[in-house]
Amino acid sequence: MEGKCMGNSCDFSGIKPVMVDLPYPPIRVSGKNPSYADLLGVDYCGSISEMTAIAQYINNENRLASQKCPMAQALLGMAVCEMIHLQKLGELIVLLGGDIGYSAMGRNGRPAMWTPSCLNIPSECSKMLAADMEAEKATINQYEMHISWIEDEYVNAVLRRMIQDEEYHIMMLKALQKEL
């Protein structure tokens, strides 16, 4: 992290995404497929989604910034990575013929609106990191399930690359837990 701690505040200038140092595959699809777009919509803004990860990391970072600046900086770096994931998913959804919004197709076949109720934000730092780790694991499981359903190698290559970042986040969160 390049940001610095300054007194009771935390300097976030120069924060970079916390991610694996590998390129992403090109953002393209084999062809339009609204069903695949709906699946990626769940990854975009479902209860387990990049939207949820961003909001949860930002919330945690804000609550930790005054007491645990280096940890807050790491969480912000993870949020920035999740923003990149959100952007890539949005591109794929549009290429697949889907629409970008704040609702994802629910299990009942109807759109469900993303809300902050998707967040798990305990107040104790160790529980906060554990909740973030569980969210990363759930995201990986969901991406793997979607990969098994999607028969578009271009889309799956992007999802596999995103899994690498999520696994890296789990490793980082474990290291942050050890610092407590």
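A disulfide is a pair of cysteine sulfur atoms within 2.5 Å. Keep that cut-off at hand for the cysteine stops below. The model on screen is predicted.

**Stop 1: the whole chain**

Show the chain as a cartoon. It carries 5 helices and 4 strands. Trace them along the sequence, and the pattern reads β-β-α-α-α-β-β-α-α. The radius of gyration is 17 Å, close to the 16 Å from the globule rule for 180 residues, so the chain is as compact as a globular protein of that length. Now switch to the C-alpha trace. Along its principal axes it spans about 55 × 35 × 25 Å.

**Stop 2: contacts and burial**

Select contacts between residues at least 6 apart in sequence. Of these, 77% join residues at least 24 apart. Next, colour by relative accessible area. Buried residues account for 46% of the 180 in the chain.

**Stop 3: surface and charge**

Turn on the surface. About 9,100 Å² is exposed, and carbon and sulfur atoms supply 55% of that area. Then select the charged side chains. There are 15 positive and 22 negative charges. How many Å apart are their mean positions? The answer is 3 Å.

**Stop 4: Cys10 and Cys69**

Select Cys10 and Cys69, and show their side chains as sticks. Their sulfur atoms sit 2.0 Å apart and form a disulfide. A disulfide is a covalent bond between the sulfur atoms of two cysteines. The structure holds 1 such link. Check the torsion about the S-S bond: at 85°, the link of Cys10 and Cys69 is right-handed.

Which parts does the pair tie together? Extend the selection to strand β2, residues 9-10, which contains Cys10, and to helix α3, residues 69-95, which contains Cys69. The two cysteines lie 59 residues apart in sequence, so the bond ties together parts separated by that stretch. Are Cys10 and Cys69 buried or exposed? Both are buried.

**Stop 5: Cys45 and Cys118**

Now select Cys45 and Cys118. Why is there no bond from Cys45 to its closest cysteine sulfur? That closest sulfur belongs to Cys118 and is 8.7 Å away, which is too far for a bond. Run the check from the other end. For Cys118, the closest cysteine sulfur is that of Cys45, again at 8.7 Å and too far for a bond.

Finish on Cys45 alone, with the surface back on. Cys45 is buried, and its relative accessible area is 2%.

Terms used
Residues numbered from 1 in each chain as written. Predicted model: local features only at pLDDT ≥ 70, side-chain atom pairs only at ≥ 80, totals over all residues. Heavy atoms only, no water. Rg over C-alpha atoms; globule rule 2.2 N^0.38 Å. Buried < 20%, exposed > 50% of the residue type's maximum accessible area, 1.4 Å probe, protein only. Contact = heavy atoms within 4.5 Å. Areas by Shrake-Rupley, 256 points an atom, 1.4 Å probe, with all protein chains shown as cover. Lys, Arg positive; Asp, Glu negative; His and termini not counted. Charge placed at Lys NZ, Arg CZ, Asp CG, Glu CD.
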